[in-house]
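Student: I've got a protein model open and I'd like to learn how to read it. Can we go through a few features together?

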Amino acid sequence: MDSKSFWLAYEALKSNFTALEKPYKLTFAITMNCQSRCLTCNIWQLRPSNELSLEEIRTFAQKNPYFRWVSITGGEPFLRQDIVEIVRAFKENWKGLYLVTIPTNSLCREGKIIDNLREMAMLGVPKITITVSLDGYRELHDKIRGVPGNYDRALSLFKAIRDLSKEYKNLGVVFGYTISTMNNGSFEETYNKVRHDVPGLTLNDFHINLAQISGAYYRNEGAKIVADKEAALKDLNFAYSGRVFSLGPEEIIEASFLRNLIRFADTSKAPMKCRSMDSSFFLDNWGNIYPSIMWDYKIANLREIDFDLSKAWNGERAAEARSIIAQGKDPQHWTSCEAYQTILGSAHRLFL
Ligand code: SF4
């Protein structure tokens, strides 16, 4: 274990015993621009302006230099021409930064994404994981995403990143599969078809999520997208039972994520108390701070607090949010944006 992963593990373990003074994980939507046409999410319908500039992001990174893990999200993150500079700002200011994750819909030019990733990999962040969205086999994925040819582009990009990762050992790639009413019960068929198109693929190359409703983030309130329970459980059990889990820490955590996703699909109840506003929070493209992508409960705006997070983190609104979470009255969810730090902050339940 290198020193950066050690300190990330230390913070996560510490969160089991005491409230953290500062969060160690940031989920950050760097843009809400998106060229997709997804049936499960309405972000693509936004025409955002006045998003945080690179200078503002640099200021935020300088004033709050303690993050160890950043999940960059969107919109489509690679639509930002300065995405490499954003990661550079984090790397230069956050000395303990260990992990950067970025999803993509594969609709930007592949050569540009690969060039961006090569530059990012050379920055020296210990671990960068790219999630290529894939919600079905060819016809199904293109229908859900509303863009003909998206399946072929996703597979081509996955293979190109996998090739690049042979050169840069700190770079990794998985497919991100979201189960919704549009595809539930189709995961096994999708896996078998994708496996035919991507030699050497295994179930370990997939990260599974359930489509969820979020007014503040996905803008999909009222949409009928939450998967049918029986079909979702069929998909999840196939994904879990066919996966090979090693004894490494990341695989143990992934196994816990999937087991608890199955529980959530079965009960619609979050299996553990959320660790947002303790270990993590969500920052949107306009600088608004929320506990998570799933809770439309604005804490503050970075522009109004001079980009100094401590002014919001230690304020009344944050304390109220923590109190609501402690009472279990926050929205019930189990998303990958929040679940991993929740698992890490509930270590006694890691193997349950
Ligand atoms: S799910 Fe992703 S790709 Fe689809 S509209 Fe939302 S942000 Fe865009």
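Tutor: Sure. Let's begin with a definition: a disulfide is a pair of cysteine sulfur atoms within 2.5 Å. Keep in mind that this is a predicted model.

Student: How many disulfides does the structure hold?

Tutor: Zero. Take Cys 108: the closest cysteine sulfur belongs to Cys 34 and is 9.0 Å away, so the two are too far apart for a bond.

Student: Are Cys 34 and Cys 108 buried or exposed?

Tutor: For that you compare the relative accessible area with a cut-off: under 20% means buried. Cys 108 has 8%, so it is buried. Cys 34 has 17% relative accessibility, so it counts as buried as well.

Student: Which residues surround the ligand?

Tutor: Cys 34 is one of them, and the others include Cys 38, Cys 41, Trp 44, Asn 105 and Arg 145. Sorted by class, the shell has five nonpolar residues, three polar ones and one charged one.

Student: Arg 145 is in helix H5, right? Which residues of H5 are buried?

Tutor: Yes, H5 spans residues 138–145, and its buried residues are Leu 140, His 141, Asp 142, Ile 144 and Arg 145. Among the elements that cover them are strand E4 (127–133) and helix H6 (150–167). Just after H5 comes Gly 146, with a positive phi of about 70 degrees.

Student: How do I describe the way two helices pack?

Tutor: Two packed helices are described by the angle between their axes and the distance between the axes. Here, the axes of H5 and H6 come within 7 Å and cross at roughly 105 degrees. Angles of 65 to 115 degrees count as roughly perpendicular, and H5 and H6 are therefore roughly perpendicular to each other.

Student: Which residues meet there?

Tutor: From H5 you have Arg 138, His 141, Asp 142 and Arg 145, and they meet Asn 150, Tyr 151 and Asp 152 of H6. By class, this contact has one nonpolar, two polar and four charged residues.

Student: Let's try a loop residue. Where is Ser 106 found?

Tutor: Look between strand E3 (99–104) and helix H4 (110–121): Ser 106 is in that loop. With 3% relative accessibility, Ser 106 counts as buried.

Student: What does Ser 106 touch?

Tutor: Leaving out residues up to four places away in sequence, Ser 106 touches Glu 76, Val 132, Asn 150, Arg 153, Ala 154 and Leu 157. You've already met Asn 150, in the contact between H5 and H6.

Conventions
Residues are numbered from 1 along each chain as its sequence is written. This is a predicted model: local features need pLDDT of at least 70, side-chain atom pairs count only at pLDDT 80 or more; totals for chains, interfaces and linings use all residues. Side-chain values use heavy atoms; hydrogens and water are left out. Buried means under 20% relative accessible area, exposed over 50%, partly exposed in between (1.4 Å probe, protein chains only). Helices (H or I, at least four residues) and strands (E, at least two) are DSSP runs, numbered from the N terminus. Contact means heavy atoms within 4.5 Å. A residue is near a molecule or strand if one of its heavy atoms lies within 4 Å of it. Ala, Val, Leu, Ile, Met, Phe, Trp, Tyr, Cys and Pro count as nonpolar, Asp, Glu, Lys and Arg as charged, and the others, Gly among them, as polar. Axes are lines fitted to C-alpha atoms, for helices over the stretch in contact, and angles run from 0 to 180 degrees between N-to-C directions. Angles under 35 degrees count as roughly parallel, over 145 as roughly antiparallel, 65 to 115 as roughly perpendicular and the rest as oblique.
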